[in-house]
Amino acid sequence: MSKVAIIGGGFSGLSAACFTARQGHEVTLFEKNESSGGRARVFSEQGFMFDMGPSWYWMPDIFENFFAQFGQKPGDYYQLIQLDPGFQVVYGKDDVLQVPARLEDIFEVFENIEKGSAAKLKQFLAEGAFKYKVGMQHLVYKPSFSWLEFAKKEVITGAVKLHMFQSVSDYVRKFFKDERLVMLMEFPVLFLGAMAQQIPALYSLMNYAAFSLGTWYPMGGMAGIPRAMQNLASDYGVDFITGCEVTKINIGSNKASSISSGKGEYRTDGIIATGDYHYTEQHLLEKQYRNYDEAYWDKRTLAPSCLIFYIGVNKKIRKLIHHNLFFDAPFNTHAEDIYKDPKWPENPLFYACCPSKTDATVAPEGMENLFLLIPVAPGLTDTEAVREKYYGKIIKRLEAFCGEEILQNIIYKKSYCINDFVNDYHAYKGNAYGLANTLRQTAVLKPTLRNKKIKNLFYAGQLTVPGPGVPPALISGQVAAGQLLNYLNTKQ
Ligand SMILES: Cc1cc2nc3c(=O)[nH]c(=O)nc-3n(C[C@H](O)[C@H](O)[C@H](O)COP(=O)(O)OP(=O)(O)OC[C@H]3O[C@@H](n4cnc5c(N)ncnc54)[C@H](O)[C@@H]3O)c2cc1C
């Protein structure tokens, strides 16, 4: 039995802890915040319960697959329901498109907007299904140390159909003309941290995830997922030390021998570091042991950060549903403010999540729990005054769309932005979602999962493979655990 240290208690750390502990190792997880969950933590105020980060439960098969490896199902821990409609897109005050749960109904919505588009969507989703199958079976669970890992028959023979070398944007435009449908089809890849023009069309598999696999919600809130994983890890004997920041990874004989924290030194035979990769390398490791330097990180394309408002409203808001995307402002201008010429956007798109539409436990009776999010470039100057300016702007747009007063009914409000991501998670430039999945930052081209100089140190999480998002973070922890277990097995 070896002593394993996991740094960080987000999805990737929890996943890594479960997989390493299952093999009988003595696993300790160190988390700097008072609770685990990472970016998916939760807080309660005045009877409202706010999920701090993720709100979209997509790719339910990945969660099922995770729990199945421990002989469990998500349903053993939380009740999952499919949202219907899955979400709505607001293009203008009276121009709203709702995406129903049933595929047949989605085809009808498309056909009503653009003649012939239902058949095109069918073909688009069939191609997406192929990419999803190949992606999940042959691409994302690889450590991505070498391109040879992907030299599988299905990948090679299907390479043309994977559309690696054209962008999602070009690909979508081959199928659809109506700008509203184009925006809708380009939206799912925003989860990957870049614009559709920069993302390989392989990732149109996200449309398959959104439309064919559905949008789900775990009753009680998204934080139920990390809670379930923590319970599972505890059942395998993982020791959780929260409120404990790791300050140094100590090296002896070219191996990580211990970690230092505010709570003392802990001897270890292997480490999986799942905090933001940049911070781990630059602050916990001496220079000669780092994979990358500051210049490398500065050249990466980061996924956006965001400005969030957690809001409690003392009445029900009629026109909102659970997930609402406000695409009633020019898409490209906002994108340029994030990726091309980073600055605070003049007229931003935003997302409004209202989980109290589905779940009565997240707000007092007759009230609404609102989560408003504006994607912004990482590294911007974040001040109270800027936050307030955007608060005013988007509440006004929300009121205009809903056709009712909201501002005067707000009884709780808390903002969260770049400075908080840095303080809470040591996020590089205050990123929210890690590193973007652009072509140049895919698979082998991402920051590697292993430390090239220290054999028993691995990384996991949204800045390494396979990328940003909850399902990839689960997978990342699993893949890193597999690598550490290989090392521990061969060492003995
Ligand atoms: C606002 C927001 C909305 C999102 N929405 C969605 C969504 O709807 N659907 C989706 O799939 N994904 C979504 N994501 C992305 C998803 O939440 C993340 O990709 C995922 O949670 C990342 O998990 P992780 O384990 O890589 O990192 P983290 O969650 O950041 O976990 C890393 C942990 O390491 C800890 N840590 C760092 N340094 C140290 C140290 N030195 N010592 C000890 N502990 C340390 C941190 O405190 C943190 O808890 C969203 C993210 C955000 C921020």
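**Notes on the ligand shell and the seven-stranded sheet**

1. Start with the ligand: 36 residues surround it, and G8, G10, G38, G275 and G461 come nearest. (A residue is near a molecule if its C-beta atom, placed from the backbone, lies within 6 Å of it.) Keep in mind that this is a predicted model, where local features need pLDDT of at least 70, side-chain atom pairs count only at pLDDT 80 or more, and totals for chains, interfaces and linings use all residues. Numbering runs from 1 along each chain as its sequence is written.

2. By class, the shell has 16 nonpolar, 16 polar and four charged residues. (Ala, Val, Leu, Ile, Met, Phe, Trp, Tyr, Cys and Pro are nonpolar; Asp, Glu, Lys and Arg are charged; the others, Gly among them, are polar.)

3. Which element gives the largest share of the shell? That's α1, with three residues. At least two residues each come from α1 (11-22), β2 (26-31), β14 and α16 (470-491). (Helices, H or I of at least four residues, and strands, E of at least two, are DSSP runs numbered from the N terminus.)

4. Domain 1 (3-44 + 222-300 + 439-491) and domain 3 (304-425) both give residues to the shell around the ligand, so the ligand shell lies between them. Their centres, taken over C-alpha atoms, are 31 Å apart. Domain 2 covers 102-213. (The bounds come from an automatic or database domain assignment.)

5. Now the open sheet: its seven strands run β7-β6-β15-β16-β17-β14-β18, with mixed pairing. (Strands pair if DSSP finds at least two bridges between them.) β7 (95-99) and β18 (410-416) stand at the edges with a single partner strand each, so one side of each has no neighbour in the sheet.

6. β14 (residues 305-313) pairs with β17 (residues 368-376) in the antiparallel sense over nine bridges. Here I311 stands opposite L370 in β17.
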